[in-house]
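Colleague: Hi, could you walk me through this one? I'd like to start with the charges, if that's all right.

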Amino acid sequence: MIELLTTKYTYLVVVALLGIGAYVMIESDNFVKKIIGMNVFQTGIFVFFISSAFHTAGRSPVVQSGGGGGPFVSPLPQVLILTAIVVGVSLTAVALGLVVRIYERYGTINERTLEEVRADE
Amino acid sequence: MSDTLLPLLVALPLLGAVLAVAAGLASERAAAAVTTLVLAAQTGLAGWLGSQAVLDGPLSVGVGGFVAPYGIELVVDGLSAAVLVLVAVVSLAVLAFATEDAPGGTAFYAQYLLLVTGLSGMAVTGDVFNLYVFLEITGLATYALVASAGTGRSAVSALKYLLFGTVAASLYLLGVGYALMATGTLNMADLATELAAAGYDSPLVLASFGFIVVGLATKTALFPLHTWQPDAYADAPDSVSALIAALVSTVAAYALLRLIYTVYTPAFFEAVPVARDALVAFAAVSIVVGSVLAVTQSEIKRMLAYSSVSQYGLVVVGLAIGTPAAVFGAVVHLLGHAIMKGGLFVAAGAVADLTGARTVDEYAGLADRFPVLGGASAVLMLAMVGVPPAVGFAGKWYIALGAVRAGSWPVAVVIFASTLLTLAYFALLVERMFVAPASESVLAATDGGRDGDDDTDALGPSPPSASRPSRRALALVVGAAVVAIVLGVVVTDLGTALEPTIDTLLSP
Amino acid sequence: MTDIASLRPALAVAVAAAAVVPILVSARRPNLREGWTVLAAVGSFALVASMLPGALDGTVYVADFGPLVAGVEFSLRADPLGLLFATVASLLWLVTSFYSVGYMRGLDEDDQTRYFAAFAASVAAALGVAFAANLVTVFVFYELLTVATYPLVTHDETPEARAAGRKYLAYTFGGGVAVLAGTVLVATMADTTAFTAGGIGALANADPVLARVAFVLLIGGFGVKAALMPLHSWLPDAMVAPTPVSGLLHAVAVVKSGVFGIARVVLDVYGVDLTSALGVGLPLAIVAAATLLIASVIALRQDNLKRRLAFSTVSQLSYIVLGIAVLHPTSIVGGLMHIPAHAFMKLTLFFTAGAIHVETHTDDISEMAGIGKRMPLTMLAFGVAAAGMAGIPLVAGFVSKWYLLLGSVGAGQTVFAVALLLSGVLNIAYFWPVFYQAFFESADDHDAKPLVEFSLGGESRSLLPAESEPDPGTVTDGGHEDEDDHHHGGPPAGGWEHRGWRGGESTWFMLGPILAAMTGAVVLGVIPGTAVFLRLVKVIVTAATGVAV
């Protein structure tokens with residue numbers, strides 16, 4: 001158990017991030033906080049991928065001209081996550097744009113207040 | 001040689017989006033023209049490559065010269081060809097309506113083409129991570145399009161959709177991560193063999209399957225993961241509703257089919273029967289609950305949205321049952337539903353433009369005033385109910401045949417009952433449209449309301465031109481009705497064309 | 001039996017279906033529009049009739065249109081059984097077309113174009129059901145028939161009509177689903193759904209439980225339109241439709257498509273032998289016998305003439321089902337023979353009800369005392385057709401009932417023969433008062449109608465005070481005083497005026513069809529052997545059972 005905690009602790013971080021992110025998204029009434037929660041959730045997944053690439057005593061995957069030099073950490077998940085981060089940034093941008101739009105229309109970014117405002121529409 | 005043109009299916013609309021922005025600097029009409037041209041070219045390309053794939057077997061190419069399984073592979077087989085052609089044709093057709101109805105703006109056309117990029121990408125890719133990227137491109141474009149109505153409501157719905165969609169895509173990504181950990185590959189074909197080698201009962205493989213299915217089911221909007229969908233459909237501009245109702249969930253369901261049969265293969269279902277049973281049960285519940293919710297709606301677009309929840313349930317039931325007949329039925333219903341639902345959303349949009357009617361009650365007496373529009377919508381609704389010989393019947397027939405052959409009796413009962421469930425909400429609407437006294441909004445739209453006493457009124461010369469449905473909308477709705485019937489009639493030819501693909505998919 | 005590729009069965013359907021377009025186009029010119037209807041009716045009847053000689057000689061015309069769904073052809077096949085139904089439907093469509101003109105114009109109805117278009121579409125669908133060569137093709141037309149008749153049922157666009165339409169859709173689509181489920185089961189068990197005289201061979205080797213389930217689903221599904229109890233309740237409600245619709249569709253085309261479907265399932269899908277081996281014939285016969293007795297009893301209590309006729313239809317349809325379900329060759333002859341016999345007689349009855357409605361706006365039997373003076377020819381036709389319903393010789397009903405009785409006794413199931421005879425008595429009980437009071441009573445002097453007017457189980461109060469104050473439901477004077485009533489029927493003040501026997505009572509557009517349908521019923525009763533139907537029925541039964549009758 002202890003060994004698991006010391007060697008695989010990053011996975012606990014993953015679980016914690018996913019949990020925190022999901023909780024904030026569901027529980028918070030504030031749209032901006034929801035988006036932050038979404039980002040935390042995604043970060044959990046990023047960490048998951050990066051952790052999976054880890055290799056004990058692995059080196060950065062730069063292959064020498066003669067070959068060999070391993071073991072390397074896996075480069076693939078890192079590349080993937082680079083892409084995923086870009087996707088995440090664009091999503092955040094669109095989401096924040098929508099929040100700005102909502103604020104302009106309704107004067108609030110709070111979900112409950114918004115419901116009250118819309119009930120009067 | 002046609003293999004090398006595959007990347008164009010994605011590159012063309014993507015480039016088109018940039019061109020549309022550039023053209024938009026000149027004028028908005030130029031952007032519309034560019035979009036039309038690009039989509040026409042896309043339709044031609046998809047048709048040509050699709051027919052190649054159907055006639056000569058699957059096409060594939062490694063992007064950038066990286067060979068599979070290391071590079072990203074694009075693959076077009078019969079199934080993806082059908083989806084590609086559907087995406088191209090429907091987006092081109094809906095564009096005709098969008099240029100009239102849409103909020104306009106250069107950004108709209110750019111987003112429109114980005115959506116086509118994402119959808120086409122999902123259809124052609126042979127790589128699970130690449131699928132994630134296209135899933136998100138599709139999502140981003142859809143969120144922006146939903147919000148393009150410019151209203152506060154649409155922004156809220158788009159944000160809700162964004163949060164749901166992102167979590168769904170993230171779960172899918174998590175599933176991909178597990179699969180990657182289990183096998184070290186991302187290529188679909190390669191994953192199929194590597195997953196088998198890893199053992200289907202390995203927790204990594206099981207977890208990856210669970211996350212991927214939940215993620216894609218959310219995008220497909222199966223109950224209870226559908227809650228984003230009615231808001232998004234209802235608050236989007238009418239043309240966007242038509243487009244996304246016809247395509248977005250359809251392509252997500254296609255992705256689910258692709259993942260289940262190309263990546264996990266039928267052998268996985270045999271090794272883990274509980275996975276199949278759970279998926280079937282999940283989808284069957286969706287059929288029933290979606291219909292019940294649809295009956296309770298008063299707003300037309302929300303009703304149509306809940307109807308989609310139910311219809312995708314039927315599609316997923318078909319693909320989960322997994323006999324050749326059922327999978328073919330699922331594909332037929334997927335394509336047919338896209339046409340029928342797209343047509344109905346266009347009709348709803350046209351009616352709203354004409355009369356402002358948006359609820360079931362306001363539709364009363366509509367068909368007397370707009371007989372062609374009403375008649376074509378009724379044909380589409382009845383087709384969805386499953387009245388032969390339209391495509392709704394064909395899909396249901398094959399799915400039911402598959403369920404019965406597989407001996408899944410409770411599912412068979414749900415499938416048969418789904419006809420009545422669908423009837424429950426559409427019959428209500430048909431009754432309002434055809435045999436109820438005209439509502440105020442309908443009366444107002446037809447020149448202050450003429451009396452219905454003249455028995456030839458309904459089919460005589462139409463009311464003044466200001467209160468006639470636009471030609472394009474009318475053509476689209478009638479066209480959709482015709483296609484729905486023709487598809488139903490030629491379904492066996494479609495079967496012959498797709499048979500090799502489905503056989504390959506289902507061979508262990 | 002030789003099959004000949006020919007487009008004729010398809011053309012008969014297509015002519016009726018194609019008529020929809022010119023009818024819609026000539027909406028503004030009623031005479032031209034009705035011209036199209038008549039032209040199409042003549043055309044499709046001629047096409048159907050042209051196939052009759054071939055059918056009697058054992059030639060079957062087949063029109064094949066390639067696969068509908070995998071493994072199932074979309075094909076139309078004019079075999080004797082199909083021709084029997086098609087001949088009845090197309091001939092009576094012609095008669096009804098003229099009657100419709102008189103009726104619809106007489107009442108100055110709205111939406112006549114939609115009415116005539118939907119009528120043509122309904123008949124086309126019914127012909128499609130008749131000629132369909134397999135269960136899937138039948139299902140296609142069966143559903144289309146539902147859709148095409150919906151606008152007819154809801155024609156009035158009143159809340160009542162809409163409710164009836166809703167019920168109609170729910171029942172018939174429910175039936176359609178059952179048919180589809182049964183069809184899928186049959187397709188799974190036998191790998192074919194094509195009708196074969198004597199039954200589909202492969203079904204005999206199928207799992208008997210599944211085969212029974214499929215049988216129940218198919219019969220239940222078709223039983224909705226055949227108004228087998230307890231699936232009948234849409235039919236009386238659908239009487240809110242205009243009378244020609246009630247006449248042709250709810251006595252001939254729609255309900256007969258249900259009965260016809262049952263005949264197809266028993267004779268051409270399962271076959272007489274397998275039905276008997278599975279033990280499903282007897283329960284069906286019991287349901288049919290119960291339906292025909294219960295419906296007759298209910299009919300006794302209906303005051304609205306069309307509702308009484310509707311329950312009579314429910315009852316008479318079960319004669320047909322009973323004849324088929326007894327599974328004896330002679331009873332099958334009787335059952336099938338009752339398809340045309342009932343069609344002619346019931347059409348006459350509905351036509352008379354419609355004529356009364358158009359001329360006097362009277363719908364309730366309690367207001368028809370003495371109406372024979374006003375509409376003598378109409379009520380005479382009513383009397384003749386009613387006699388036929390009861391099975392009195394020289395009218396069509398006698399012939400079919402005779403075979404039914406012989407068959408039931410021959411099959412050793414005398415109990416059904418008793419049910420049939422009892423039902424004949426009930427028929428007289430509910431038809432005779434109508435006829436009797438029309439001619440032998442007058443508006444201001446007629447007997448009470450305890451069955452209609454009193455609550456079930458008799459009155460517990462004393463009836464004496466009612467004599468000083470007239471019972472509200474009883475018409476004791478010329479004027480009808482019930483203001484809440486939705487119609488203003490009944491005799492005018494001073495009783496029915498006297499109209500002669502030379503057609504002064506109505507237009508010939510209505511009288512002609514009434515008399516034509518009545519003549520048909522009599523011809524079938526007097527010379528059944530010469531009229532084509534009995535010969536056709538014998539060909540069918542010989543092919544289906546292998547026994548020459």
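Modeller: Happy to. Lys and Arg count as positive here and Asp and Glu as negative, while His and the chain ends are left out. One caution before we start: this is a predicted model.

Colleague: Good to know. How far apart are the mean positions of the positive and negative charges in chain B?

Modeller: They are 5 Å apart, taken over 18 positive and 33 negative charges in chain B.

Colleague: And what about the two sets in chain C?

Modeller: Chain C carries 28 positive and 41 negative side chains, and the centres of those sets are 7 Å apart.

Colleague: Okay, switching topic. What is chain B built from, helices or strands?

Modeller: Both: chain B has 20 helices and two strands. Its radius of gyration is 22 Å, close to the 23 Å from the globule rule for 508 residues, so chain B is as compact as a globular protein of that length. Along the principal axes, the C-alpha atoms of chain B fill a box of roughly 75 × 60 × 40 Å.

Colleague: How much of chain B is buried?

Modeller: Of its 508 residues, 65% are buried. Chain B exposes about 15,300 Å², with carbon and sulfur atoms supplying 66% of that area.

Colleague: Now chain C. How many helices and strands there?

Modeller: Chain C has 21 helices and three strands. A compact globule of 549 residues would have a radius of gyration near 24 Å, and the 23 Å of chain C agrees with that. Buried residues account for 63% of chain C, and its accessible surface is about 18,200 Å², 65% of it belonging to carbon and sulfur atoms.

Colleague: In chain C, what share of the contacts between residues at least 6 apart in sequence joins residues at least 24 apart?

Modeller: That share is 80% in chain C. For chain B, the contacts with a separation of 6 or more come from residues 24 or more positions apart in 79% of cases.

Colleague: Does UniProt help with chain C? Which residues does its domain feature cover?

Modeller: UniProt places "domain: NADH:quinone oxidoreductase/Mrp antiporter transmembrane" at residues 132-425 of chain C, in an unreviewed entry. In the model, that span is 77% helix and 0% strand, with its end C-alpha atoms 37 Å apart.

Colleague: Last one: which pair of chains shares the most contacts?

Modeller: Chains B and C do, out of two pairs of chains in contact. Chain A and chain C do not touch, and their nearest C-alpha atoms are 34 Å apart.

How values were computed: Residues numbered from 1 in each chain as written. Chains lettered and ligands numbered in written order. Predicted model: local features only at pLDDT ≥ 70, side-chain atom pairs only at ≥ 80, totals over all residues. Heavy atoms only, no water. Helix = DSSP H or I, 4+ residues; strand = E, 2+ residues; numbered from the N terminus. Rg over C-alpha atoms; globule rule 2.2 N^0.38 Å. Buried < 20%, exposed > 50% of the residue type's maximum accessible area, 1.4 Å probe, protein only. Contact = heavy atoms within 4.5 Å. Areas by Shrake-Rupley, 256 points an atom, 1.4 Å probe, with all protein chains shown as cover. Charge placed at Lys NZ, Arg CZ, Asp CG, Glu CD. UniProt positions renumbered as here; feature names shortened; annotations may be inferred.
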